[in-house]
Amino acid sequence: MTTADTTTSAAAAQSTPVRMTGRQVAALVVLLASQFMMAADFSVLNVALPEVGTALGFSTGNLQWITTTFALCAAGCTLAFGRVGDYVGRRRIFTVGMAVLAVSSLVGGVAESATTLLIARTLQGLSTAAVTPAALALLTTAFTEPTLRTRALGLNSVMMSSGFSVGAILGGFLTDVFSWRWAFFINIPVAIAAILVVPLVVDESRAEQRTRIDLPGALLITLGLFSGIYGVTRVGEEGFDLVAGVSLIAAAVLLGLFWAVESRTTDALVPMRVLKKPDLAFGNLAALFIFGGETALIFFTGLYVQDVLGLSSLVAGLVLLGIGVGQIIAGTVGPRILQRVQPRTLLGLSLFLQGAFMLPMLWATSDSRWLIPLIATQFVNAFFSMTAALSFMVIATSSVGSDMQGMATGMATQSQQVGIAIGIPLISAVFAAVIGHGTVTAAEELSGIHTAIGVAGGCQVVVGLLLWVALRRRTALPG
């Protein structure tokens with residue numbers, strides 16, 4: 001065969017579409033279903049909080065702990081569980097996490113006291129911290145071909161991002177038609193199915209080189225994130241007080257100690273060479289703004305539709321469907337865009353446009369006719385939030401080798417979970433500073449929403465521009 005023939009054959013092979021095997025499709029379905037369920041679990045009880053509080057005796061001030069307890073565990077423990085999966089097996093961690101989810105969902109569904117419910121939410125948060133990075137690592141190791149991996153990551157981003165908004169809609173439907181308890185019970189059959197199917201379609205995956213687990217690093221990063229998320233949540237709900245200040249200072253100290261310990265530990269939870277990778281650093285920073293901004297937008301859209309326009313929760317859910325549709329479309333076409341645009345370039349540009357299309361809400365009025373442009377602009381906002389999320393995931397999982405996929409996906413998932421956990425409290429603090437406390441009019445609430453959305457969208461625009469400037473000269477992912 002001549003050189004020309006060889007070149008032609010190689011080009012033809014490259015142009016032939018790569019297809020998933022039947023086993024890969026089955027693995028993709030079960031892993032994506034688990035990711036969607038984990039994301040939905042974060043918000044599925046949000047719209048049912050008043051009914052849960054009445055049924056189990058929560059005071060109004062303590063209702064937030066139903067969500068906060070879950071968020072603390074889900075965001076605080078993700079990196080540690082991701083790294084443990086590298087050592088003991090990602091499929092094993094996934095299966096154990098699903099078993100914990102099934103048990104905790106049963107406990108939550110039959111709970112007759114506030115304490116029992118909070119224990120169930122704690123266990124659900126821990127199961128999310130275990131399952132989410134394990135499922136993502138199993139995806140990246142099952143799909144090693146770049147095109148297939150990008151496609152799988154695109155679908156994963158759709159499930160993770162849309163799960164939060166769909167969870168709120170699903171929770172409202174289950175509560176209205178059945179009972180808030182079904183927000184827990186619905187997890188049980190899905191978890192059992194995942195436990196049975198995953199061993200049949202997903203191979204075990206772990207690091208080839210076994211080292212000791214960095215327990216000091218795991219403890220410091222977990223406690224540091226616990227303190228930081230609690231402090232931010234406290235600021236959003238109670239204002240900046242002594243407890244919030246102490247929590248934030250403790251977080252800074254603990255995370256500083258984590259950096260110091262990791263730089264001196266041979267078998268670090270996160271090797272210092274990884275922490276110093278610009279792609280990972282910038283990508284995980286972007287994730288805080290991508291997911292924090294989107295969850296805040298969803299929250300304040302619900303307030304606007306129900307409190308300012310005086311419409312029903314069903315209408316609010318229908319408005320949020322525009323965000324879900326935008327994310328699904330972007331998750332479908334995003335991998336094709338990434339074949340033509342570098343992930344670094346797309347990350348900064350998408351975050352900028354995500355923020356830019358949040359800002360039109362600044363002109364929202366109390367006239368319900370504004371719903372049409374609101375849905376249109378939020379559809380575009382959601383599209384770019386998804387392309388930003390996909391770019392971030394590609395960067396995060398392509399910057400390290402297979403031995404550290406659990407750690408990389410743990411970091412990526414942790415950044416996403418932290419962004420989700422702190423987005424609403426931080427922007428709510430801005431909202432509260434404008435409207436104050438006590439009874440407010442619809443006009444005053446609208447003013448607070450304008451300010452909160454302005455701050456959130458403005459931060460995304462600025463950070464997106466900075467990322468584009470910082471990364472625009474970097475044209476290829478490191479090996």
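**Exercise 1. Ala 389 in its helix**

Task: Decide whether Ala 389 is buried or exposed in this predicted model, and state in which helix Ala 389 lies.

Solution: Begin with the accessibility, since Ala 389 has a relative accessible area of 1%, and the limit for a buried residue is under 20%, so Ala 389 is buried. Next, place the residue along the chain: Ala 389 belongs to helix α17, which covers residues 371–398. Finally, consider a pair that is separated in sequence, for the C-alpha atoms of Ala 389 and Ala 286 are 8.7 Å from one another, while their positions lie 103 residues apart along the chain.

**Exercise 2. The overall fold**

Task: Describe the protein through its secondary structure, its share of buried residues, its contacts and its exposed area.

Solution: The secondary structure is counted at the start, and it consists of 19 helices and 0 strands. Burial comes next, where 54% of the 479 residues are buried. For the contacts, take those between residues at least 6 apart in sequence; of these, 84% join residues that are at least 24 apart. The last step concerns the surface, of which the protein exposes about 19,600 Å², with carbon and sulfur atoms supplying 68% of that area.

**Exercise 3. Two residues inside helices**

Task: For Leu 101 and Gln 460, find the helix of each and list the residues that each one touches beyond four places in sequence.

Solution: Leu 101 is part of helix α6, and with a relative accessible area of 0% this residue is buried. Beyond its sequence neighbours, Leu 101 is in contact with Met 37, Met 38, Asp 41, Gln 124, Ser 127, Asn 187 and Ala 191. For one of these partners a backbone distance is available: the C-alpha atoms of Leu 101 and Gln 124 are 5.5 Å apart, although 23 residues separate the two in sequence.

Gln 460 sits in helix α19, which spans residues 442–471, and its relative accessible area of 1% makes it a buried residue. The contacts of Gln 460, again without neighbours within four places, are Phe 289, Ile 290, Gly 293, Glu 294, Leu 351, Phe 352, Gln 354, Gly 355 and Met 358.

**Exercise 4. A partly exposed threonine**

Task: Classify Thr 116 by its accessibility and name the residues it touches, leaving out those up to four places away.

Solution: Thr 116 is found in helix α7, residues 114–142. Its relative accessible area is 28%, and because this value falls between the limits of 20% and 50%, Thr 116 counts as partly exposed. With residues up to four places away excluded, Thr 116 touches Val 107 and Ala 111. As for backbone separation, the C-alpha atoms of Thr 116 and Ser 104 are 9.9 Å apart, and the two residues are 12 positions apart along the chain.

**Exercise 5. The salt bridges**

Task: State how many salt bridges the whole structure has, and then examine the pairs Arg 181 with Glu 112 and Arg 369 with Asp 367.

Solution: The search of the whole structure returns 2 salt bridges. One of them joins Arg 181 to Glu 112, with the closest N and O atoms 3.7 Å apart. This pair links distant parts of the chain, 69 residues apart: Arg 181 lies in the loop between α8 and α9, and Glu 112 in the loop between α6 and α7. The partners also contrast in accessibility, since Arg 181 is buried at 18%, whereas Glu 112 is exposed at 64%.

In the pair of Arg 369 and Asp 367, the N to O distance is 2.7 Å. Here Arg 369 is exposed, at a relative accessible area of 67%, while Asp 367 is partly exposed, at 29%.

**Exercise 6. Surface patches**

Task: Identify which residues form the patch of positive charge and which form the nonpolar patch, and characterise one member of each.

Solution: The positively charged surface patch is made up of Arg 19, Arg 151, Arg 336 and Arg 340. Among them, Arg 340 occupies the loop between α15 (313–338) and α16 (343–356), and its relative accessible area of 69% makes it exposed.

The nonpolar patch consists of Phe 173, Val 177, Phe 178 and Trp 182, which together have about 440 Å² of accessible area. One of these, Phe 173, lies in helix α8, and it is partly exposed, with a relative accessible area of 47%.

Key: Residues are numbered from 1 along each chain as its sequence is written. This is a predicted model: local features need pLDDT of at least 70, side-chain atom pairs count only at pLDDT 80 or more; totals for chains, interfaces and linings use all residues. Side-chain values use heavy atoms; hydrogens and water are left out. Patches are made of residues with over 30% relative accessible area and no salt bridge: like charges are joined within 9 Å, nonpolar side chains (Val, Leu, Ile, Met, Phe, Trp, Tyr) within 5 Å. Accessible areas come from the Shrake-Rupley method with a 1.4 Å probe; for residues, only the protein chains shown count as cover. A salt bridge is a side-chain nitrogen of Lys or Arg within 4 Å of a carboxyl oxygen of Asp or Glu. Lys and Arg count as positive and Asp and Glu as negative; His and the chain ends are not counted. The place of a charge is taken as NZ of Lys, CZ of Arg, CG of Asp or CD of Glu. Helices (H or I, at least four residues) and strands (E, at least two) are DSSP runs, numbered from the N terminus. Buried means under 20% relative accessible area, exposed over 50%, partly exposed in between (1.4 Å probe, protein chains only). Contact means heavy atoms within 4.5 Å.
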